[in-house]
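Q: I have a new model open and want to learn how to read it. Can you take me through it feature by feature?

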Amino acid sequence: MTQRYKPQQGPDETWTVIDAQTERVAEMGSRTIIGMNQHDAEEIAELLNILEAHKQRAESDPGC
């Protein structure tokens, strides 16, 4: 399964989480996910991918 959210290092050496579906910076609520260290960006991308997988399963199987 392709990961929708991916950490990406910027030119200023900080990390951003990118939404591969939209090719834009990912958002949590109304906040963009930018300016982090690598570890935090990787953890947030992993969490968002887990949430996305749960969302997709729930949409395909409403009894889930």
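Q: Let me start with one pair. Are R4 and D19 buried or exposed?

A: One point before that: this is a predicted model. Buried here means under 20% relative accessible area. R4 is buried, and D19 is buried as well.

Q: What joins the side chains of R4 and D19?

A: Look for a side-chain nitrogen of Lys or Arg within 4 Å of a carboxyl oxygen of Asp or Glu. R4 and D19 fit that rule: they form a salt bridge, at 2.8 Å from N to O. R4 sits in the segment before β1 and D19 in strand β2 (residues 15-19), so the bridge ties together parts that are 15 residues apart in sequence.

Q: How many salt bridges does the whole structure have?

A: A search of the whole structure gives two. One is the R4 and D19 pair. E52 forms a salt bridge with R4 too, with the closest N and O atoms 3.3 Å apart. That pair links distant parts of the chain: E52 is in helix α1 (residues 38-60), R4 is in the segment before β1, and they are 48 residues apart.

Q: Why does E52 count as buried?

A: Compare its value with the cut-off. Buried means under 20%. E52 has 11% relative accessibility, so it counts as buried.

Q: Which residues are linked in a network of salt bridges?

A: R4, D19 and E52 are linked in this way. R4 takes part in the bridge with D19 and in the bridge with E52.

Q: Now the overall fold. How many helices and strands does the protein have?

A: Count the elements, then read their order. The protein has one helix and five strands. Along the sequence the pattern is β-β-β-β-β-α. The C-alpha trace spans about 45 × 20 × 20 Å along its principal axes.

Q: What share of the protein's residues count as buried?

A: Of its 64 residues, 27% count as buried. The accessible surface comes to about 4900 Å². Carbon and sulfur atoms account for 49% of that surface.

Q: I would like a buried residue in the helix. Where is A41 found, and what does A41 contact beyond its neighbours within four places in sequence?

A: A41 is found in helix α1. Its relative accessibility is 0%, so A41 counts as buried. Set aside the neighbours within four places in sequence, and A41 is in contact with P7, W15, V17 and M36. Sequence and space are separate things to check. A41 and A20 are 21 residues apart in sequence and 14 Å apart in space, C-alpha to C-alpha.

Q: And a strand residue: which residues does T16 contact, leaving aside its neighbours within four places in sequence?

A: T16 is found in strand β2. At 14% relative accessibility, T16 counts as buried. Its contacts outside that window are K6, P7, Q8, V25, I33, I34 and G35.

Q: Let me turn to the surface. Which residues form the nonpolar patch?

A: M28, L47 and L51 form it, with about 260 Å² of accessible area together. M28 lies in strand β4 (residues 27-28). M28 has a relative accessible area of 39%, so it is partly exposed.

Q: Which residues gather in a patch of negative charge?

A: D40, E42, E43 and E46 do, on the surface. D40 is placed in helix α1. With a relative accessible area of 32%, D40 is partly exposed. For the whole protein, count 6 positive and 12 negative side chains. The centres of the two sets lie 6 Å apart.

Q: One last feature, the backbone. What is the phi of E13?

A: Most residues other than glycine have a negative phi. E13 is not a glycine, yet its phi is positive, at about 75°. E13 is in the loop between β1 and β2. At 57% relative accessibility, E13 counts as exposed.

Q: Where does E23 lie, and what is its phi?

A: E23 lies in the loop between β2 and β3 (24-25). Its phi is near 60°, a positive value in a residue other than glycine. E23 has 69% relative accessibility, so it counts as exposed.

Note on methods
Residues are numbered from 1 along each chain as its sequence is written. This is a predicted model: local features need pLDDT of at least 70, side-chain atom pairs count only at pLDDT 80 or more; totals for chains, interfaces and linings use all residues. Side-chain values use heavy atoms; hydrogens and water are left out. Patches are made of residues with over 30% relative accessible area and no salt bridge: like charges are joined within 9 Å, nonpolar side chains (Val, Leu, Ile, Met, Phe, Trp, Tyr) within 5 Å. Accessible areas come from the Shrake-Rupley method with a 1.4 Å probe; for residues, only the protein chains shown count as cover. Helices (H or I, at least four residues) and strands (E, at least two) are DSSP runs, numbered from the N terminus. Buried means under 20% relative accessible area, exposed over 50%, partly exposed in between (1.4 Å probe, protein chains only). Contact means heavy atoms within 4.5 Å. Lys and Arg count as positive and Asp and Glu as negative; His and the chain ends are not counted. The place of a charge is taken as NZ of Lys, CZ of Arg, CG of Asp or CD of Glu.
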